[in-house]
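The following exercises accompany the sequence and structure shown below. Each task is followed by a worked solution in steps.

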Amino acid sequence: EPGKLEAIGYRGGKEVVRTSVETTGAPVSLELVPDRAQLSGDGRDAMPITVRALDAQGRAVPLADNEVTFAVTGGGRSIGHGNGDPNSHEDEKGATRHLFNG
């Protein structure tokens, strides 16, 4: 059911932590999250980049399984596309891959 769940942690009657999760809408965009700020530039360094599906409010859609097509321009190249799904038999070297859990 759509809504928001919020949890608040207290220690000695004082709030020390707060977090929430909210029902998301349909995925409408992708976000690329690099593992670190820069590459070494030595031609051998590689960087994992997380691809996340976002809804219209910019929230990560946790169950998104959309197919993503990858294309790289410039000096970099793609060396694989894992998604963490133990049941997936998609080609990790191909140009497309389905998201798994967002």
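**Exercise 1.** In this predicted model, determine which residue of the hairpin of β1 and β2 takes a positive phi.

*Solution.* Begin with the connection: the hairpin has two residues between its strands. Then inspect the backbone there: G12 takes a positive phi near 60 degrees.

**Exercise 2.** Describe how strands β1 and β2 are joined.

*Solution.* Step one is to locate the strands: β1 covers residues 4–11 and β2 covers residues 14–22. Step two is their direction, which is antiparallel. Step three is the count of bridges between β1 and β2, which is eight. One pairing can then be traced in detail: Y10 has E15 in β2 as its bridge partner.

**Exercise 3.** State the confidence of the prediction for the protein and its elements.

*Solution.* Start with the whole protein: its mean pLDDT is 94, and 100% of its residues reach 70 or more. Turn next to the elements: β1 has the highest mean pLDDT, 97, whereas strand β6 (residues 96–98) has the lowest, 94.

**Exercise 4.** Characterise the largest pocket and its lining.

*Solution.* First, take the volume: the largest pocket holds about 1200 Å³ of space. Second, consider the lining, to which 39 residues belong; M47, P48, I49, S78 and G80 lie nearest the centre of the pocket. Third, assign elements: β3 (29–34), β4 (49–54), β5 (67–69) and β6 each contribute at least two lining residues, and β4 gives the largest share, five residues. Finally, sort the lining by class: 19 residues are nonpolar, 14 polar and six charged.

Definitions and conventions:
Residues numbered from 1 in each chain as written. Predicted model: local features only at pLDDT ≥ 70, side-chain atom pairs only at ≥ 80, totals over all residues. Heavy atoms only, no water. Pairing = 2+ DSSP bridges. Helix = DSSP H or I, 4+ residues; strand = E, 2+ residues; numbered from the N terminus. pLDDT = per-residue confidence, 0-100. 1 Å grid on protein atoms, 1.4 Å probe; cavity = no way out; pocket = protein on both sides within 12 Å on 5 of 7 lines; lining within 4 Å. Points joined across faces, edges and corners; volume = space filled by probe spheres on them. Nonpolar A, V, L, I, M, F, W, Y, C, P; charged D, E, K, R; others polar.
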